[in-house]
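Please look over the structure shown here before reading the notes that follow, which are grouped by topic for a reader who is meeting it for the first time.

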Amino acid sequence: MKVTLSKYAGFCDGVNRAYEKVREIALDPRVKKPIFVLGSLVHNNDVIKKIEKLGVKKIDFNGSISEVVDKLNGEIGTLVITAHGIGPKIFEIAKEKGINVVDTTCPKVIKAQRLAKIFFGRGYQLVIVGEEKHKEVQGIYRWADKKAQIISSVEDVENLDIKDNQKIAVVSQTTQNKDFVDRVTEKIIARYPEAEILDTVCLTTKNRQEEVAQLARENDLVFVVGSAESSNSNRLWEIAKNINNNTHFIERLADIKEEWLENIECVGITGGASSPQWVIKDVVKYLERLN
Ligand code: SF4
């Protein structure tokens with residue numbers, strides 16, 4: 001069996017940076033303990049278990065700052081902000097309560113947040129293209145003082161409620177499908193020709209998406225390694241599945257069903273930005289041994 005591994009599979013720079021930072025502070029006696037991560041550091045259970053073993057705990061977070069405020073009243077030494085980022089309020093609250101904050105927001109997400117803040121401050125109506133409930137989108141929304149309109153489909157453009165003379169700026173969730181964002185922004189421009197389109201799709205995401213399309217075209221079967229919670233892994237699966245119906249979403253090696261591999265000669269493998277290299281390697285090794 002021929003096995004082709006995506007050169008972009010596995011942790012992206014932003015996730016790797018967050019993961020390494022958390023490992024570093026967990027082992028550093030100078031960092032205030034206990035350490036809590038606000039939400040999932042990475043949408044991957046194996047990674048979460050690894051950092052739990054280092055004594056790092058998770059605070060469940062669904063975007064509601066008021067819930068977090070209550071939890072912050074407990075014994076928190078250090079609070080980690082994940083690569084997905086968060087709104088500005090949490091930094092203020094943590095400061096008031098004397099909680100040490102370690103911010104691992106990905107620089108590309110910070111760019112989207114800052115653009116949201118700047119354009120909102122200049123009087124623009126901000127439009128965010130992304131999944132409304134996603135943590136990154138919720139963070140960007142808060143940097144525009146919760147006044148942004150969020151759209152998640154081309155059809156949603158019809159529902160935008162914007163006055164004729166209002167200036168518009170559009171940002172997108174960094175992990176959105178670039179083609180989808182292009183289709184949405186084309187429709188926005190058709191309706192509001194003066195809209196400012198701010199390119200915030202992460203290049204890592206774009207490269208992965210282009211490559212998975214190629215893997216889907218060139219292989220009998222494609223495995224996308226990721227967690228069901230991972231937005232970018234789901235996008236990869238959608239892209240590959242549209243091209244090659246023999247595409248399977250797996251979280252780890254144990255999810256592979258032997259019957260999927262009957263009469264298969266070549267397999268393409270990719271993984272989302274939150275899929276650790278060690279999980280992807282297990283899958284590659286297993287398939288290579290079938291030769
Ligand atoms: S996918 Fe891109 S924007 Fe998101 S964390 Fe990774 S590098 Fe940053």
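Two strands count as paired if DSSP finds at least two bridges between them. With that in mind, Phe 36 has Leu 79, in strand 4, as its bridge partner. The model described here is a predicted one, and the points below take up its two open sheets, the surroundings of its ligand and two backbone details in loops.

**Sheet with strands 2 to 5**

- Four strands make up this open sheet, in which the order is 3-2-4-5 and the pairing is parallel.
- Strand 3 (57-59) and strand 5 (100-103) lie at the edges and have a single partner strand each, so one side of each is left without a neighbour in the sheet.
- From one strand to the next, the twist averages 30°.
- Strand 2, covering residues 35-38, and strand 4, covering residues 78-81, run parallel and are joined by three bridges.

**Sheet with strands 6 to 9**

- A further open sheet of four strands has parallel pairing, and its strands follow the order 7-6-8-9.
- The edges are taken by strand 7 (149-151) and strand 9 (196-197), each of which has a single partner strand, so one side of each is left without a neighbour in the sheet.
- Strand 6, made of residues 125-129, runs parallel to strand 7 and is joined to strand 7 by three bridges, and the bridge partner of Ile 128 in strand 7 is Ile 150.
- Helix 6 (residues 135-143) packs on this sheet, where it touches strand 6, strand 7 and strand 8 (168-172), and the direction of helix 6 makes about 175° with that of strand 6.
- Helix 7 (residues 178-191) also packs on the sheet, touching strand 6, strand 7, strand 8 and strand 9, while the direction of helix 7 makes about 150° with that of strand 6.

**Ligand and its surroundings**

- Cys 12, Gly 14, Cys 106, Lys 108, Thr 174, Thr 175, Cys 202 and Thr 205 surround the ligand.
- This shell of residues divides into three nonpolar, four polar and one charged.
- The largest cavity is the space that the ligand takes up.

**Backbone details in loops**

- Lys 33 and Pro 34 are joined by a cis peptide bond, with omega at about -5°, and Pro 34 has its place in the loop between helix 1 (13-27) and strand 2.
- Lys 146, a residue other than glycine, has a positive phi, near 60°, and Lys 146 is found in the loop between helix 6 and strand 7.

Methods: Residues numbered from 1 in each chain as written. Predicted model: local features only at pLDDT ≥ 70, side-chain atom pairs only at ≥ 80, totals over all residues. Heavy atoms only, no water. Axes fitted to C-alpha atoms, helices over the stretch in contact; angles between N-to-C directions. Near = heavy atom within 4 Å. 1 Å grid on protein atoms, 1.4 Å probe; cavity = no way out; pocket = protein on both sides within 12 Å on 5 of 7 lines; lining within 4 Å. Sits in = over half its atoms within 2 Å of the grid points. Nonpolar A, V, L, I, M, F, W, Y, C, P; charged D, E, K, R; others polar. Contact = heavy atoms within 4.5 Å.
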